[in-house]
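Please open the model in your viewer and keep the selection tool at hand. The tour moves from one selection to the next and says at each stop what is there.

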Amino acid sequence: MMTTLARSTPTTLGVITVLVAAFVAAGVSLFKLTVGGAIALYFVVWWTLLFAILPLRNQPETRATHVVPGQDPGAPAAPRLREKAIWTTLVAGAAFLIALAVFPLTGL
């Protein structure tokens, strides 16, 4: 399923746009945020989680014929960035909604 959604850049951007719009709309309607505030908070959560998700499931290039001079030996052979962008969007959406649910409990 994920590989189908991440097959092309336009498809991936479409999926991410729909998911972000749904999470922001939930933040606005359920937690009374402004649209700008919801987008800003979601962006911070998304960007932070991107750096946590990027290194997951990376395999270095082991075929000597595919390594070019100057290439880092730990560089991933297939980074799957589109797939990771969708996963980041989903995980960030869950973290965003959980954070919004917890904020009122802390008195913020």
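Does Phe 51 count as buried or exposed, and at what relative accessibility? Bear in mind while looking that this is a predicted model. Select Phe 51, whose place is in helix H3, the helix that spans residues 35-53. Its relative accessibility is 51%, and because exposed means over 50%, Phe 51 counts as exposed.

Keep Phe 51 selected and add Phe 43, Val 44 and Trp 47, which together with Phe 51 form a nonpolar patch on the surface. The accessible area of these four residues together is about 450 Å².

Next, restrict the selection to Trp 47 and Phe 51, which are four residues apart in helix H3 and are therefore separated by about one helical turn. Trp 47 has a relative accessibility of 42% and so counts as partly exposed, whereas its neighbour in the patch, Phe 51, counts as exposed.

Now show the rings. A pair of aromatic rings is described by the distance of the centres and the angle of the planes. By the ring-pair rule, the count comes to five aromatic pairs. One of them brings together Tyr 42 and Phe 96, whose ring centres are 5.5 Å apart and whose planes stand at 85°, so the pair is edge-to-face. This pair links distant parts of the chain, since Tyr 42 belongs to helix H3 and Phe 96 to helix H4 (residues 81-106), with their positions 54 residues apart in the numbering. Tyr 42 counts as buried at 3% relative accessibility, and Phe 96 is buried too, with a relative accessible area of 0%.

Return then to Trp 47 and Phe 51, whose ring centres are 5.6 Å apart and whose planes are at 85°, so that this pair is edge-to-face. Adding Phe 43 and Trp 46 to the selection displays one aromatic cluster, formed by Phe 43, Trp 46, Trp 47 and Phe 51.

For the last stop, select Ala 21, which is found in helix H2, running over residues 9-31. With a relative accessibility of 45%, Ala 21 counts as partly exposed. Where does Ala 21 lie in relation to Ile 39, in sequence and in space? Draw a distance between the two C-alpha atoms: Ala 21 and Ile 39 are 18 residues apart in sequence, and the C-alpha to C-alpha separation in space is 9.0 Å.

Technical notes
Residues are numbered from 1 along each chain as its sequence is written. This is a predicted model: local features need pLDDT of at least 70, side-chain atom pairs count only at pLDDT 80 or more; totals for chains, interfaces and linings use all residues. Side-chain values use heavy atoms; hydrogens and water are left out. Helices (H or I, at least four residues) and strands (E, at least two) are DSSP runs, numbered from the N terminus. Buried means under 20% relative accessible area, exposed over 50%, partly exposed in between (1.4 Å probe, protein chains only). Patches are made of residues with over 30% relative accessible area and no salt bridge: like charges are joined within 9 Å, nonpolar side chains (Val, Leu, Ile, Met, Phe, Trp, Tyr) within 5 Å. Accessible areas come from the Shrake-Rupley method with a 1.4 Å probe; for residues, only the protein chains shown count as cover. A salt bridge is a side-chain nitrogen of Lys or Arg within 4 Å of a carboxyl oxygen of Asp or Glu. Rings of Phe, Tyr and Trp (its six-membered ring) pair if their centres lie within 6.5 Å; planes under 30 degrees apart count as stacked, over 60 as edge-to-face and the rest as tilted.
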